[in-house]
Amino acid sequence: DADVHVWHQPRVLDDGTVEQSTGAAAYAAASLPLDTKWLRWARVVVQGGYKSRGFIEGEPLGAGVVVRGGLAVTP
């Protein structure tokens with residue numbers, strides 16, 4: 001799976017030091033089944049990517065590399 005986000009960040013209502021900017025983020029994710037007797041209902045999920053400075057809900061405001069990992073329940 002992959003996601004790409006592009007945005008135009010308006011001026012933030014602050015003291016005027018945050019300028020307008022355009023930003024982008026790109027993420028890729030992969031999941032692998034856990035092929036063990038007791039965990040056949042689960043998958044390991046790994047996501048990685050990069051985000052430039054700006055606002056995306058649930059993400060830090062600064063720029064940087066994003067790496068996430070988790071466990072997904074499958075039917």
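Two strands count as paired if DSSP finds at least two bridges between them. The model used in these exercises is predicted.

**Exercise 1. Pairing of the strands**

Task: Which residue in β4 stands opposite Val45, and how many bridges join β3 and β4?

Solution.
1. List the elements. The chain has four strands and zero helices, and along the sequence the pattern is β-β-β-β.
2. Take the residue pair. Val45 faces Gly70 in β4.
3. Add a second pair from these two strands. Gly48 is placed opposite Val67 in β4.
4. Count the bridges. β3 and β4 are paired over ten bridges, in the antiparallel sense.
5. Turn to the other pairing of β3. Strand β2, residues 21-33, pairs with β3 over nine bridges, again antiparallel. In this pairing Ala29 stands opposite Gln47 of β3.

**Exercise 2. Cover along the chain**

Task: Find what share of the 75 residues is buried, and decide whether β4 is largely in the open or buried.

Solution.
1. For the chain, the buried share is 19% of the 75 residues.
2. The accessible surface is about 5,700 Å², and carbon and sulfur atoms hold 63% of that area.
3. For β4, one of its ten residues is buried, so the strand lies largely in the open.
4. Check with one residue. Val73 is found in β4. Its relative accessibility is 68%; the cut-off for exposed is over 50%, so Val73 counts as exposed.
5. Look at sequence separation as well. Among contacts with a separation of 6 or more, 36% are between residues 24 or more positions apart.

**Exercise 3. The nonpolar patch**

Task: Which residues make the nonpolar surface patch of about 850 Å², and which elements give two or more residues to it?

Solution.
1. The patch is made by Leu32, Trp38, Leu39, Trp41, Val44, Val46, Leu71 and Val73.
2. The elements giving two or more residues to this patch are β3 (42-51) and β4 (64-73).

**Exercise 4. Two salt bridges**

Task: For each of the two salt bridges, name the partners and state whether they are buried, partly exposed or exposed.

Solution.
1. Start from the general point. Oppositely charged side chains can pair when their charged atoms come close.
2. Take Arg40 and Asp35. Their closest N and O atoms are 3.9 Å apart, against a cut-off of within 4 Å.
3. Assign cover to this pair. Arg40 has a relative accessible area of 57% and is exposed. Asp35, at 66%, is exposed.
4. Take Glu59 and Arg68. Their side chains form a salt bridge with an N to O distance of 2.6 Å.
5. Assign cover to this pair. Glu59 has 17% relative accessibility and counts as buried, while Arg68 is partly exposed at 33%.

**Exercise 5. The surroundings of Gln47**

Task: With which side chain does the side chain of Gln47 make a polar contact, and is Gln47 buried or exposed?

Solution.
1. Place the residue. Gln47 is in strand β3.
2. Read its cover. A relative accessibility of 17% is under the 20% cut-off, so Gln47 counts as buried.
3. Find the polar partner. The side chains of Gln47 and Arg68 make a polar contact at 2.7 Å. Arg68 is also the partner of Glu59 in a salt bridge.
4. List the contacts. Apart from neighbours within four places in sequence, Gln47 contacts Asp3, Tyr27, Ala28, Ala29, Val66, Val67 and Arg68.

**Exercise 6. Ser21 and Ser52**

Task: Which of the terms buried and partly exposed applies to Ser21, and which to Ser52? What does each residue touch?

Solution.
1. Place Ser21. This residue belongs to strand β2, and with a relative accessible area of 24% Ser21 is partly exposed.
2. List its contacts. Not counting residues up to four places away, Ser21 touches Trp7, His8 and Gln9.
3. Add a distance. The C-alpha atoms of Ser21 and Gly54 are separated by 7.8 Å, with their positions 33 residues apart along the chain counted as the separation.
4. Place Ser52. This residue is in the loop between β3 and β4, and at 19% relative accessibility Ser52 counts as buried.
5. Find its polar partner. A polar atom of the Ser52 side chain lies 2.8 Å from the backbone nitrogen of Ala24.
6. List its contacts. Beyond four places in sequence, Ser52 is in contact with Trp7, Gly23, Ala24, Leu61, Gly62 and Ala63.

Key: Residues numbered from 1 in each chain as written. Predicted model: local features only at pLDDT ≥ 70, side-chain atom pairs only at ≥ 80, totals over all residues. Heavy atoms only, no water. Buried < 20%, exposed > 50% of the residue type's maximum accessible area, 1.4 Å probe, protein only. Contact = heavy atoms within 4.5 Å. Areas by Shrake-Rupley, 256 points an atom, 1.4 Å probe, with all protein chains shown as cover. Patch = residues over 30% accessible without salt bridge, like charges linked within 9 Å, V, L, I, M, F, W, Y side chains within 5 Å. Polar contact = N/O pair within 3.5 Å; in protein donor to acceptor, adjacent residues only side chain to side chain.
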